[in-house]
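Here is a short round of questions and answers on how the labels for this structure are earned. Have the sequence and the model open as you read.

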Amino acid sequence: MSLAQEIPTTPSGLPTVRNGRWSAFSHLVIVRMKELKREPEVIFWVFGFPLLLALGLGIAFRNKPADVTSVAVVQGARAQEVMSLIARSAQASSIRAEVLNKPQALKGFRLGKYDLVVESDGNGGIQYLYDPARPESVLSRSEVDDAVQASAGRKNPLPTSAVISNEPGSRYIDFLIPGLIGMNLMNSGMWSIGFALVDYRQRKLLKRYVATPMRRSDFLLALAGGRLLLMVTEVGLLLGFGALVFHMPVLGSLLSILLLSAIGAVGFAGLGLLTASRAQKIESVSGLINLIMMPMWIFSGVFFSYERFPAVIHPFIKALPLTALNDALRATILEGAPLTSQAGRLLVLLLWGGIAFVLALRWFRWT
Amino acid sequence: MPAAIQCRDLRKTYDGKVEAVRGLSLEIQCGECFGLLGPNGAGKTTTIEILEGLLEPTSGEVTILGHAWQKNSREMREWLGISLQETRLSEKLTVRETIELFASFYREPRSADEVLGDLQLGEKADAFVGKLSGGQRQRLAVATALVGNPKILFLDEPTTGLDPQSRRQLWDIIRNFKQGGGTVLLTTHYMDEAERLCDRLAIVDHGQVIAEGTPSELIERLGGHHVVEFEASGHSGNGTNVDPWRALPSVELVRHDNDLVCLTVREPHLTIPALLDAVEKQGAELLHLTTRQASLEDVFVNLTGRHLRED
């Protein structure tokens with residue numbers, strides 16, 4: 001450059017090293033990863049916490065063996081007949097019946113050991129003693145009645161059949177893991193970008209960086225690059241955990257899942273950048289980030305489906321970036337839907353990220 | 001050759017109200033160590049940050065080696081090494097990682113190992129920044145400025161809060177840089193630092209240069225190189241009795257500092273006997289008397305009526 005030639009040469013004449021175009025970018029990315037690695041609490045919140053959440057909720061909502069109802073049959077004329085009717089019925093495996101004398105049966109019922117007491121009504125029929133306030137008692141009555149009536153030869157006017165559904169892919173844990181991936185992409189996108197920037201600004205490090213020839217775009221690209229590297233690990237960990245521990249089916253291709261996650265990560269990084277564009281203090285940016293994330297934790301279907309909210313607000317819920325990301329992740333992971341079929345959701349994500357990014361760059365304060 | 005740093009009629013008004021810098025002009029030649037000396041809040045940091053291209057002046061012009069900040073700013077940053085007043089570098093990086101990071105921002109930086117050696121940080125190369133002492137941190141801050149192999153070094157209060165040994169280490173580093181042909185602009189509110197380190201300095205107060213010159217020129221302007229300070233009982237020095245002291249032989253200036261009377265004198269051996277006589281004649285008693293060399297502090301106090309470090 002001609003500019004440099006007018007300037008007196010290096011005063012010291014000291015030996016120097018020559019740096020390439022991307023030396024600043026690569027150093028910034030490496031430094032960012034090192035900083036994160038050296039903060040144990042970051043490792044926990046980014047990796048440990050979502051895994052613990054998945055494990056805890058997965059265990060709490062695991063598929064329990066079918067409920068067995070306990071029934072006391074009062075000794076007497078019809079006791080053996082009732083027992084054999086139950087034993088012959090289709091529901092035999094889910095009814096545990098015992099023959100007892102009346103006081104023992106009633107005591108057991110009171111204590112909740114039995115859900116139902118069956119005895120002869122003295123007129124050739126049988127009668128049920130049950131508590132309508134106890135759901136398991138109500139259930140037991142209809143279960144046992146159905147069993148004995150069918151065994152005794154009742155014909156159903158309308159043939160019906162039932163299929164048990166606890167196949168991988170439709171269980172709660174399968175719903176949960178893509179939601180946790182989405183939530184984690186939002187959390188770490190907002191926090192790692194928003195928090196880091198305000199921290200740098202508060203420490204006057206941003207100002208120190210722009211006092212060097214470092215390109216500002218390199219700095220922002222390095223933040224985004226660091227985010228994407230971390231994203232691969234986060235998503236891989238949760239996905240692998242779901243597949244190995246809970247046998248969650250992963251029908252979509254890994255590439256489309258990662259691409260989708262990358263769009264989500266960059267979108268939320270844009271929102272993080274916007275929240276951090278002017279804040280001077282960690283406290284103010286923390287409040288702002290929580291304010292933005294709170295509605296999405298509730299509405300965007302992380303832990304439960306947003307179908308539970310009134311239909312009128314569904315359009316608003318679907319316009320939230322986390323809803324779009326969660327829906328797209330579920331469709332890709334659980335149904336193997338191609339990305340092309342999710343253009344609408346991708347557009348929602350890209351719009352949020354893109355608008356946030358443009359506004360952030362306009363308002364961003366380096367000093 | 002253009003001046004290393006030049007600014008003309010610099011003004012900076014914050015929020016349309018607070019006038020931090022009010023018409024400040026400077027010209028700093030290549031190879032000079034120039035100091036901005038002034039109390040806290042005088043506008044030193046605002047001035048240096050405008051010169052560094054980090055703050056936009058409300059009006060006025062700045063050129064660095066003949067170039068204005070509006071264009072070529074990235075190219076110009078290759079020539080400058082900057083240490084801000086307060087930068088907290090990442091605590092979870094090591095000293096070497098920090099220096100290498102800053103080196104990566106420049107096209108032709110110095111090697112990290114050399115800079116580590118020059119700044120006596122070699123032993124701490126692999127220590128985390130969070131574990132460094134105040135003096136080591138400040139040397140690291142200067143290291144991040146020097147690693148880019150700058151032509152001009154900007155240091156904003158480089159030794160504030162440091163112990164005497166750390167201050168002297170930093171002075172050596174600054175002198176070495178200057179000996180290698182570099183230009184230095186530093187701000188300080190330590191007059192001894194300005195006196196020992198700077199070839200020339202500007203005393204800044206309320207956003208303006210109130211005096212400029214070499215340290216000895218500035219002291220010369222007081223009229224005398226010596227200061228006689230004394231306190232006398234039975235005599236109240238509330239400014240009412242200035243004249244008797246001013247009339248003493250060889251006295252150039254008289255200043256009252258509470259009960260203390262400070263005389264700037266050319267030749268103390270003429271002043272002191274006369275002073276003793278005068279005290280006796282007033283029937284007062286001398287409580288104490290000292291003489292010392294005049295310093296930049298005296299220059300500042302004489303110009304503003306205030307001390308440099310008034311809390």
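**Helices, sheets and the chain contact**

Q: Why are H3(A) and H9(A) called roughly parallel to each other?
A: H3(A) and H9(A) are roughly parallel because angles under 35 degrees count as such, over 145 as roughly antiparallel, 65 to 115 as roughly perpendicular and the rest as oblique. Helix H3 (residues 40–60) and helix H9 (residues 216–245) of chain A pack at an angle of about 20°, with their axes 10 Å apart. Axes are lines fitted to C-alpha atoms, for helices over the stretch in contact, and angles run from 0 to 180 degrees between N-to-C directions. The model is predicted: local features need pLDDT of at least 70, side-chain atom pairs count only at pLDDT 80 or more, and totals for chains, interfaces and linings use all residues. Residues are numbered from 1 along each chain as its sequence is written, while chains are lettered from A and ligands numbered from 1 in the order in which they are written.

Q: What is the handedness of the crossing of H3(A) and H9(A)?
A: The crossing is right-handed. That label applies if the near helix is turned clockwise from the far one by less than a right angle, and left-handed if anticlockwise.

Q: Which residues of H3(A) meet H9(A)?
A: On the H3(A) side they are Val46(A), Phe47(A), Pro50(A), Leu51(A) and Ala54(A). Among their partners in H9(A) are Leu230(A), Leu237(A) and Phe241(A). Contact here asks for C-beta atoms, placed from the backbone, within 7 Å. By class, this contact has nine nonpolar, one polar and one charged residues. Ala, Val, Leu, Ile, Met, Phe, Trp, Tyr, Cys and Pro count as nonpolar, Asp, Glu, Lys and Arg as charged, and the others, Gly among them, as polar.

Q: What makes E12 and E14 of chain B edge strands?
A: Strand E12 (251–257) and strand E14 (285–293) each pair on one side only. Their open sheet of four strands has the order E12-E13-E11-E14, with antiparallel pairing. The twist averages 20° from one strand to the next.

Q: How do you know that E11 and E13 of chain B pair?
A: Two strands pair if DSSP finds at least two bridges between them. E11(B) and E13(B) have five bridges, so they qualify, in the antiparallel sense. Phe230(B) stands opposite Val261(B) in E13(B). Helix H10 (residues 268–281) of chain B packs on this sheet, and its direction makes about 10° with that of E11(B).

Q: Why do E6 and E10 of chain B have one side without a neighbour in the sheet?
A: Each stands at an edge with a single partner strand, so one side is left free of a neighbour. The open sheet of six strands runs E6-E7-E8-E3-E9-E10, with mixed pairing, and its twist averages 15° from one strand to the next. Within it, E3(B) and E8(B) pair in the parallel sense over five bridges, and Cys33(B) has Val184(B) as its bridge partner in E8(B).

Q: How many residues of chain A are in contact with chain B?
A: There are 31 residues of chain A in contact with 38 residues of chain B. H2(A) gives the most to the chain A side, with six residues. By class, that side has 14 nonpolar, eight polar and nine charged residues.

Technical notes. Helix = DSSP H or I, 4+ residues; strand = E, 2+ residues; numbered from the N terminus. Contact = placed C-beta atoms within 7 Å.
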